[in-house]
Amino acid sequence: PGAAQGGFTDRTETSSNTARKMEIAVGLKKGHVVAKRVMAPRPAQRKGKLGARVKNIRELIRDVVGSAPYEKRLMELLKVGRDKRALKLAKRKLGTHGRGKRKREEMGDLLKRMEKKAKDARA
């Protein structure tokens, strides 16, 4: 059914004409028209977000411990421009394509930071 027959119109419109059209018993947009409630975010909605404290701790650990051997090899591959080979290595070590891409980006960022730090030390 089209909009004129009370079918697929947007519920967010507030005109009384639209409200009457939407109050039908069948179809995807059936039921009484009500305003959408704005709910406070639940704690579970921030799951996986990186907090400032944890970020600082991880950076400190990375500085103290350094990189794993495969990460050093990844950085070498990225230095010489073998991005695809670096992704293949990361994928093989970490198990999935997505994890490999994330690790390649992380190592690239680390490499850029190290180069910037070395440049600042020279200047």
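**Helix packing and a salt-bridge network in an all-helical model**

Helix α3 (residues 69–79) and helix α4 (residues 83–94) pack with their axes 8 Å apart, at an angle of about 165°. Because this angle is over 145 degrees, α3 is roughly antiparallel to α4. The crossing in which α3 passes α4 is left-handed. These values, like those that follow, were computed from a predicted model.

A second packing pair joins α4 to helix α5, which spans residues 97–122. Here the axes are 8 Å apart and the angle is about 125°. The two helices α4 and α5 are therefore oblique to each other, and α4 passes α5 in a right-handed crossing. Helix α4 thus takes part in a left-handed crossing with α3 and in a right-handed crossing with α5.

These elements belong to a protein chain whose secondary structure comprises five helices and zero strands. Along the sequence, the chain follows the pattern α-α-α-α-α. The protein chain has 123 residues, of which 20% count as buried.

Attention may next be given to the charged side chains. The count of salt bridges comes to five. Among the residues involved, Arg 62, Glu 71, Lys 103 and Glu 106 are linked in a network. Within this network, the side chain of Glu 71 meets that of Arg 62 in a salt bridge, with an N to O distance of 3.0 Å. Glu 71 has a relative accessible area of 6% and is therefore buried, whereas Arg 62, at 21% relative accessibility, counts as partly exposed.

Glu 71 also meets the side chain of Lys 103 in a salt bridge, at 2.7 Å from N to O. Lys 103 lies in helix α5 and Glu 71 in helix α3, so this pair ties together parts that are 32 residues apart in sequence. Lys 103 is buried as well, because its relative accessible area of 12% falls under the 20% cut-off.

The network continues from Lys 103 to Glu 106 through a further salt bridge, in which the closest N and O atoms are 3.8 Å apart. Both Glu 106 and Lys 103 lie in helix α5, where they are separated by three residues, about one turn of the helix. Glu 106 counts as partly exposed, with a relative accessibility of 34%. The network of salt bridges thus includes the buried residues Glu 71 and Lys 103, together with the partly exposed residues Arg 62 and Glu 106.

A nonpolar feature is found on the surface. Ile 57, Leu 60, Ile 61, Val 64 and Val 65 make a nonpolar patch of about 510 Å². One of these residues, Val 64, lies in helix α2, which covers residues 52–65. Val 64 counts as exposed because its relative accessibility is 66%, over the 50% cut-off for that class.

How values were computed: Residues are numbered from 1 along each chain as its sequence is written. This is a predicted model: local features need pLDDT of at least 70, side-chain atom pairs count only at pLDDT 80 or more; totals for chains, interfaces and linings use all residues. Side-chain values use heavy atoms; hydrogens and water are left out. Patches are made of residues with over 30% relative accessible area and no salt bridge: like charges are joined within 9 Å, nonpolar side chains (Val, Leu, Ile, Met, Phe, Trp, Tyr) within 5 Å. Accessible areas come from the Shrake-Rupley method with a 1.4 Å probe; for residues, only the protein chains shown count as cover. A salt bridge is a side-chain nitrogen of Lys or Arg within 4 Å of a carboxyl oxygen of Asp or Glu. Helices (H or I, at least four residues) and strands (E, at least two) are DSSP runs, numbered from the N terminus. Buried means under 20% relative accessible area, exposed over 50%, partly exposed in between (1.4 Å probe, protein chains only). Axes are lines fitted to C-alpha atoms, for helices over the stretch in contact, and angles run from 0 to 180 degrees between N-to-C directions. Angles under 35 degrees count as roughly parallel, over 145 as roughly antiparallel, 65 to 115 as roughly perpendicular and the rest as oblique. A crossing is left-handed if the near helix is turned anticlockwise from the far one by less than a right angle, and right-handed if clockwise.
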